[in-house]
Amino acid sequence: YEGSTLLDTFTYDGALKEYEINRCGTPQKFFGFGVPQKLTVKLRDKERKINIVKGQGMEVVVGVGSDYLYTCPIFFVDEITRDENTNDLTIVAYDALHKAQKHLVSALRLTVDYKVRDVIRACAALLGMPFRFENVDEELLDLYYQSGANMEDSTTVKDCLDAIAELTGSIYF
């Protein structure tokens with residue numbers, strides 16, 4: 001999955017051998033944190049026709065008949081390893097929260113005065129991800145920071161999002 005164009009689908013009756021999704025990162029408190037996730041996929045590729053590149057997006061979708069359930073966020077390929085004996089591919093990919101740990105709030109595009117909602121939108125834009133709010137108190141998202149919040153330029157985007165989650169009493173993915 002690259003952008004919005006479906007490139008290929010892998011199923012258990014085809015190339016998909018197995019996949020595993022794990023939480024990664026440090027243990028956190030109950031509310032006020034993000035849950036970064038790691039995807040490991042093993043594919044059969046005896047004919048060497050599968051072409052997956054670093055940075056490419058992958059989605060895990062559960063299909064039942066003609067209905068599809070998108071259970072996880074988009075994962076971005078970080079490592080591709082081929083077993084030269086079997087030609088099987090092992091792909092390791094991480095969601096955008098992993099990427100958020102590598103960006104600093106100094107890279108966010110914010111006006112001098114902003115709301116919590118504006119910070120979340122700026123973080124999502126920086127990471128190239130859509131965002132959606134569910135079961136969050138709208139009043140907390142509209143808290144206004146005149147002259148900006150108390151964030152250091154060296155604060156990571158992940159730490160910024162963790163602070164917002166703590167403020168709103170939420171967990172984000």
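V41 counts as buried, because its relative accessibility is 6%, and in this predicted model the residue has its place in strand β3. Leaving out residues up to four places away in sequence, V41 touches L16, E18, Y19, M58, L89, T90 and I91. One of these partners, I91, is 50 residues away along the chain, yet the C-alpha atoms of V41 and I91 are separated by 5.1 Å.

From this one residue the view can be widened to the chain, whose secondary structure comes to 4 helices and 11 strands. Of the 173 residues in the chain, 35% are buried, as V41 is. Contacts between parts that are far apart in sequence can be followed through the chain as well: among contacts between residues at least 6 apart in sequence, 62% join residues at least 24 apart. The surface that the chain exposes amounts to about 11,100 Å², and carbon and sulfur atoms supply 49% of that area.

How far the model can be trusted varies along the chain, and the predictor's own confidence is a guide to this. The average pLDDT of the chain is 80, with 86% of the residues scoring at least 70. Confidence is lowest in strand β2, which covers residues 33–34 and has a mean of 68, whereas it is highest in β8, at 94.

Strand β8 spans residues 89–94, and the loop between β7 (75–82) and β8 holds N87. N87 is buried, because its relative accessible area of 14% lies under the 20% cut-off. When its neighbours within four places in sequence are left aside, N87 is in contact with D45, K46, R48 and R82. With R48 the contact includes a polar one, in which the side chains of N87 and R48 come to 3.0 Å.

R48 also takes part in a salt bridge, where its side chain meets that of E84 at 2.6 Å, N to O. This pair links distant parts of the chain, since R48 lies in the loop between β3 (37–43) and β4 (57–58) while E84 lies in the loop between β7 and β8, 36 residues apart. The two partners fall into separate classes of accessibility: R48 is partly exposed because its relative accessible area is 43%, while E84, with a relative accessible area of 56%, is exposed.

The count of salt bridges comes to 5, and among them is one between K49 and E47, whose closest N and O atoms are 3.4 Å apart. Both K49 and E47 are exposed. A further salt bridge joins D162 to K158, with the closest N and O atoms 3.1 Å apart. D162 and K158 lie 4 residues apart in helix α4 (residues 157–168), so about one helical turn separates them. Unlike the exposed pair of K49 and E47, D162 and K158 are both buried.

The surface, finally, has a nonpolar patch of about 390 Å², made by Y12, Y19, V62 and V64. Y19, which belongs to this patch, is also among the residues that V41 touches. V64 lies in strand β5, which runs over residues 61–64. V64 counts as exposed because its relative accessibility is 60%, whereas V41, with 6%, counts as buried.

Note on methods. Residues numbered from 1 in each chain as written. Heavy atoms only, no water. Patch = residues over 30% accessible without salt bridge, like charges linked within 9 Å, V, L, I, M, F, W, Y side chains within 5 Å. Areas by Shrake-Rupley, 256 points an atom, 1.4 Å probe, with all protein chains shown as cover. Salt bridge = Lys/Arg side-chain N within 4 Å of Asp/Glu carboxyl O. Helix = DSSP H or I, 4+ residues; strand = E, 2+ residues; numbered from the N terminus. Buried < 20%, exposed > 50% of the residue type's maximum accessible area, 1.4 Å probe, protein only. Polar contact = N/O pair within 3.5 Å; in protein donor to acceptor, adjacent residues only side chain to side chain. Contact = heavy atoms within 4.5 Å. pLDDT = per-residue confidence, 0-100.
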